Amino acid sequence: MKTALALRHIHFEDLGTLEPLLRGRGFDVRYLDPSVDDLTAVDAASPDLIVALGGPIGAFDEDAYPFLTAELHLIEHRLASGRPLLGICLGAQLIARLSGAKVAPMGYKEIGFGELALTEDGQNSVLAPLAGMSVLHWHGDRFDLPAGSRLLASTARCVQQAFTLGDAVLGLQFHLEADASQIERWLVGHCAELAQAGVDPRTVREDAQRHGAALARAARLVMADWLDRL
């Protein structure tokens with residue numbers, strides 16, 4: 001059986017709508033929490049797919065959160081293996097950092113559903129089903145593009161929204177995986193951040209109801225195409 005290892009930093013930021021697709025394609029899906037699980041015992045090249053998920057810490061926060069050191073080593077070795085690696089939000093930022101790119105605060109938060117604009121490369125990529133769609137954004141940091149990567153998508157508030165690095169590495173700043181039916185867990189779990197950013201949870205909830213089904217359909221198309229191309 002194929003294996004998919006997801007690095008989950010906070011319980012409700014899981015694989016969301018992507019998990020049923022992976023299981024349907026024969027993947028044994030396993031979660032590890034980098035903050036408590038021993039990542040040093042993981043063979044980075046062994047899983048057929050590794051997904052580094054989001055979280056409310058920064059890509060350079062290993063002094064405050066020492067577990068990041070082991071996670072960075074794991075992702076670094078995965079990159080070196082050339083095997084499939086998907087990074088979402090914090091996960092994409094960690095990949096960017098390890099690829100020599102700058103990751104830094106934007107000075108403001110991009111939270112909520114917003115339209116994604118695909119670049120020319122993006123229109124010819126697996127992200128094509130997301131053209132003009134509203135996706136879930138939830139971040140305050142941004143990454144520069146790693147050398148040799150291709151920019152696939154942008155928003156008005158954050159130019160670098162997605163990149164591909166070679167054939168096997170995909171980094172997404174936005175939350176392709178977000179399950180709108182579970183948005184209440186995000187709203188409760190990140191209530192302090194919402195209040196600090198001046199974002200009304202009712203707006204996010206209403207937008208999740210409005211855009212969630214379309215995002216889920218597009219996410220399945222994106223992930224299926226990416227796996228097929230791999």
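In this predicted model, Trp138 is buried, with a relative accessible area of 6%. Its ring partner, Trp186, is likewise counted as buried, at 3% relative accessibility. The two rings form an aromatic pair. A pair of aromatic rings is described by the distance of the centres and the angle of the planes. For Trp138 and Trp186 these values are 5.6 Å centre to centre and 50° between the planes, which makes the pair tilted. Trp138 belongs to strand E7 (residues 134-143) and Trp186 to helix H5 (residues 183-189), so the contact ties together parts that lie 48 residues apart in sequence. Phe12 joins in as well: ring pairs link Phe12, Trp138 and Trp186 into a cluster. The count of aromatic pairs comes to 4.

Another aromatic ring has a charged neighbour. The charged end of Arg8 sits over the ring of Tyr31, 3.9 Å from the ring centre.

Attention can now turn to the nonpolar interior. The largest nonpolar core has 50 residues, and those touching the most other members are Leu22, Leu86, Leu127, Leu130 and Met223. Helix H7 (residues 201-229) supplies the largest share of this core, 10 residues. Leu86 gives a good view of how the packing works out around one side chain: leaving aside residues up to four places away in sequence, Leu86 touches Leu18, Ile50, Val51, Ala52, Ile95, Leu170, Leu172, Met223 and Trp226. A second, separate core holds 27 residues, among them Leu32, Leu72, Leu85 and Phe143.

Charged side chains form pairs too, and the structure holds 12 salt bridges. One of them joins Arg23 to Glu19, with the closest N and O atoms 2.9 Å apart. Both residues lie in helix H1 (residues 18-24), 4 residues apart, or about one turn of the helix. Arg23 is partly exposed, at 42% relative accessible area, whereas Glu19 counts as buried at 17%, a value under the 20% limit for that class.

A salt bridge also connects Arg205 and Glu184, whose closest N and O atoms are 2.7 Å apart. Here Arg205 lies in helix H7 and Glu184 in helix H5, so the bridge ties together parts 21 residues apart in sequence. Both partners are partly exposed, Arg205 with a relative accessible area of 26% and Glu184 with 37%.

Finally, Asp200 forms a salt bridge with Arg202, the closest N and O atoms being 2.9 Å apart. Asp200 counts as partly exposed at 28% relative accessibility, while Arg202 is exposed, at 52%.

Definitions and conventions
Residues numbered from 1 in each chain as written. Predicted model: local features only at pLDDT ≥ 70, side-chain atom pairs only at ≥ 80, totals over all residues. Heavy atoms only, no water. Core = buried A, V, L, I, M, F, W, Y, C linked by side-chain atoms within 4.5 Å. Buried < 20%, exposed > 50% of the residue type's maximum accessible area, 1.4 Å probe, protein only. Helix = DSSP H or I, 4+ residues; strand = E, 2+ residues; numbered from the N terminus. Contact = heavy atoms within 4.5 Å. Phe/Tyr/Trp six-rings, centres within 6.5 Å; stacked < 30°, edge-to-face > 60°. Lys NZ or Arg CZ within 6 Å of the ring centre and 35° of its normal. Salt bridge = Lys/Arg side-chain N within 4 Å of Asp/Glu carboxyl O.
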